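Please take a look at the structure shown below. Keep it open while you read this short report.

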Amino acid sequence: MSRVTASAPGKLIVLGEHAVVYGKPAVAIAIDRRIRCTLTPYNETTVNGRSFDPDKHPYLVSMMRRSPGPMRIETTSEIPPGSGLGSSAALSTAFLKALYSSDAADDKRLATDAFLTEYEVQGRASPIDTSASTHGMGIAVNGPENCGEHLWDITMNGNTWSVRDLAIPKMTIVVGYTGIHAPTGPLVEKVRRYRQKCRFADDIIGEIGTVTEEGMTALRKGDLVRLGKLMTDDHKLLSILGVSCDELNKLVDASLRHSYGAKLTGAGGGGSMIALTDEPEKVCGSITSRGGTPFVVRTGEPGAMTEHKN
Ligand code: PMV
């Protein structure tokens, strides 16, 4: 291998987070913000010009085990870290895409190995982020057979997630970052404990599954009005599950006036919310006025790719 640059996009979960951990369907889309990773074989491993500190770079520790030798690793990112937009999955996917560039590894291997890295470092519960980052565009996890071409299955601890391509219309989505860093693991654990304690938790998870399947149909038809309504319904269900917070509710509320719908995205507890809209400036204004940081993302972003090789 010589010098290789690869990139991979961040992602948004449009519907179905948390319920996907229990085998329900979910929809994720790649966004037009990417991480680039350049790997060059070298006599020692360095990260962006500094010596490699395993405590600071747990993802790289995991991925370097797959490397044939030390590397000079250079990364650049357009994805704000800790914002719930899949920066760690994009990094893992871009790194492995560069590392595997000489053996033409298929996307299933890329999505699976990037997921294993995420699983090792953060105990991630489902492979939705790394699959979205690998494939790009839109994906349906555990969707019905007719929702799109089957891409791959990923199995872990006796659970299998089936990943399909999902055709998505052109959409403008405003992301509102709360500024609160909320790691995924404790929120997944919160839902697990809630399920043990409360008998109707499974009903809520089932309802999220139903809303998500309806959302897949709305997406296929390009019906943004219906999709937006389902996103807002999903936010309410996620709030009942206990994964929203005041800051997210405030930003969702403020966005609804100029949106088809809005909801938290990803694990919740902080991180970001999304609003589906055709008035992005107005939604950005509402988010800013309630203390959030807005940015506009667009759909139709390709997945992991090799950019330069020599
Ligand atoms: O970590 P995030 O914000 O990309 O989203 C996590 C999505 C969950 O469904 C809560 C967990 C998972 O691994 O599917």
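This report covers helix pairs, a few single residues and the cysteines.

## The model

The model is predicted. Keep that in mind throughout.

## Helices α2, α3 and α4

Two packed helices are described by the angle between their axes and the distance between the axes. Start with helix α2, residues 87-99, and helix α3, residues 107-122. Their axes come within 9 Å and cross at roughly 130°. The two helices are therefore oblique to each other, because angles outside the parallel, antiparallel and perpendicular ranges count as oblique. The crossing of α2 and α3 is right-handed. On the α2 side, the contact is made by Ser88, Ala89, Ser92, Thr93, Leu96 and Lys97. On the α3 side, the residues are Asp107, Leu110, Asp113, Ala114, Thr117, Glu118 and Gln122.

Helix α3 also packs against helix α4, residues 128-135. Here the angle is about 145°, and the axes are 8 Å apart. The crossing of α3 and α4 is right-handed. Helix α4 brings Asp129, Thr130, Ser131 and Thr134 to the contact. Helix α3 brings Asp107, Leu110, Ala111, Ala114, Phe115 and Glu118.

## Helices α6 and α7

Now move along the chain. Helix α6 spans residues 201-221, and helix α7 spans residues 224-241. The axes of α6 and α7 come within 9 Å and cross at roughly 165°. An angle over 145 degrees counts as roughly antiparallel, so α6 and α7 are roughly antiparallel to each other. Their crossing is left-handed. Residues of α6 in the contact include Ile204, Ile208, Val211 and Leu219. Those of α7 include Leu227, Leu230, Asp234 and Leu238.

## Thr212 and Leu256

Thr212 sits in helix α6. Is Thr212 buried or exposed? Its relative accessibility is 0%, so Thr212 counts as buried. Not counting residues up to four places away in sequence, Thr212 touches Leu15, Gly16, Pro25, Ala26 and Val27.

Leu256 belongs to helix α8, residues 246-256. With a relative accessible area of 30%, Leu256 is partly exposed. Beyond its neighbours within four places in sequence, Leu256 is in contact with Thr232, Gly261 and Ala262. Leu256 and Thr212 are 44 residues apart along the chain. Their C-alpha atoms are separated by 19 Å.

## Glu17 in a loop

Find the loop between β1 (4-15) and β2 (26-41). Glu17 lies there. Glu17 counts as buried because its relative accessibility is 3%, and the cut-off for buried is under 20%. Which side chain makes a polar contact with the side chain of Glu17? It is the side chain of Lys263, at 2.9 Å.

Glu17 has further contacts, leaving aside its neighbours within four places in sequence. Among them are Asp234, Leu238, Leu264, Thr265 and Gly266. Asp234 and Leu238 also appear in the contact between α6 and α7.

## The cysteines

How many disulfides does a search of the whole structure find? The search finds zero. Take Cys245 as a case. The closest cysteine sulfur to that of Cys245 is in Cys284, 19 Å away. That is too far for a bond, because a disulfide needs sulfur atoms within 2.5 Å.

Cys245 counts as buried, at 16% relative accessibility. Cys198 counts as buried too, at 14%.

Key
Residues numbered from 1 in each chain as written. Predicted model: local features only at pLDDT ≥ 70, side-chain atom pairs only at ≥ 80, totals over all residues. Heavy atoms only, no water. Helix = DSSP H or I, 4+ residues; strand = E, 2+ residues; numbered from the N terminus. Buried < 20%, exposed > 50% of the residue type's maximum accessible area, 1.4 Å probe, protein only. Polar contact = N/O pair within 3.5 Å; in protein donor to acceptor, adjacent residues only side chain to side chain. Contact = heavy atoms within 4.5 Å. Axes fitted to C-alpha atoms, helices over the stretch in contact; angles between N-to-C directions. Parallel < 35°, antiparallel > 145°, perpendicular 65-115°, else oblique. Left-handed = near helix turned anticlockwise from the far one by under 90°.
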